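Work through the following exercises with the sequence and the model at hand. Each task is followed by a solution in steps.

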Amino acid sequence: NTLGGQNAVIKHRWGKGAKELLFEGAPRGVKFALGENVTQANFHNNRGKRFPNTRLGVEATLRRAFTEAREYMNEPPPRRDLRLETLADILRGKILVHCHCYRADEILMILRIAKEFGFKLATLQHALEAYKVAPEIAEAGVGVSTFADWWAYKVEAYDATPYNAALCTRAGIVTSINSDSANHTRRLNLEAAKAMKYGGLSEDEAMRLVTINPAKQLGIEARVGSLEVGK
């Protein structure tokens, strides 16, 4: 969905239940998504017949949602709508947006939407074409959490490059390496090291891609992400 569910930051604790895994004090977050996953343009079983089924429709969905949220915030109480209350909390800055995206044009679109409606876009997730619009991302103060070297698994990923993380870092973007793979999650240090080969990052810069930088993107850098007293 264009506007997905709220997410939770967790800390793995052996033998604990789900509620005990929550990272105390971490900012709330929400998942947005753009591109083929939303429009279902890459589905071949006739599932792509619902709105939004174009990229313009995705933008329209966002614009409509936040217009409704603005109107809701300006209404007198006591009407309470949980969906609109969540959108209003995004506008109030209480919920950070982490947005799944790939192409440069849709990255520019979500940056414009965030600026127009005044909400905090914390990270662009995957963002394989971020290197094309790195100055704009840096100016907006938005992070990038990208794959090290995944591409060509669908059309909108064809322009990916393993230099993306390094190029974004050099542009002044808080950059991290992520993974949609349970296998890669176990060796993100090696995924980060690829930015030393592809882009010439130093060992320290590469290590930041999987330590302090993702902590900053999640808003928990005061407690984790580096070796400092109190962490």
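**Exercise 1. Burial and surface.** State what share of the 231 residues of the protein counts as buried, and describe its accessible surface.

Solution. Step 1: 43% of the 231 residues are buried, where buried means under 20% relative accessible area, exposed over 50%, and partly exposed in between (1.4 Å probe, protein chains only). Step 2: the accessible surface is about 12700 Å², and carbon and sulfur atoms hold 53% of it; the areas come from the Shrake-Rupley method with a 1.4 Å probe, and for residues only the protein chains shown count as cover.

The model is predicted: local features need pLDDT of at least 70, side-chain atom pairs count only at pLDDT 80 or more, and totals for chains, interfaces and linings use all residues. Residues are numbered from 1 along each chain as its sequence is written, and side-chain values use heavy atoms, with hydrogens and water left out.

**Exercise 2. Overall fold.** Count the helices and strands of the protein, and then judge its compactness from the radius of gyration.

Solution. Step 1: the protein has ten helices and six strands; these are DSSP runs numbered from the N terminus, helices being H or I of at least four residues and strands E of at least two. Step 2: the radius of gyration is 18 Å, close to the 17 Å of the globule rule for 231 residues, so the protein is as compact as a globular protein of that length. The radius is taken over C-alpha atoms, and the rule is 2.2 Å times the number of residues to the power 0.38.

**Exercise 3. The largest core.** Which residues have the most contacts inside the largest nonpolar core, and which helix gives the most to this core?

Solution. Step 1: a nonpolar core is a set of buried Ala, Val, Leu, Ile, Met, Phe, Trp, Tyr and Cys residues joined through side-chain atoms within 4.5 Å. Step 2: the largest has 40 residues, and Phe 32, Phe 119, Leu 121, Leu 124 and Ile 137 have the most contacts inside it. Step 3: the elements that each supply at least two residues include strand 2 (28-33), helix 2 (55-74) and strand 4 (121-126). Helix 4 gives the most, with eight residues.

**Exercise 4. Positive phi.** Where do His 126 and Ala 127 lie, and are they buried or exposed?

Solution. Step 1: His 126, in strand 4, has a positive phi of about 75 degrees although it is not a glycine. His 126 is buried, at 4% relative accessible area. Step 2: Ala 127, in the loop between strand 4 and helix 5, is not a glycine either, yet has a positive phi of about 45 degrees. Ala 127 is buried, at 0% relative accessibility.
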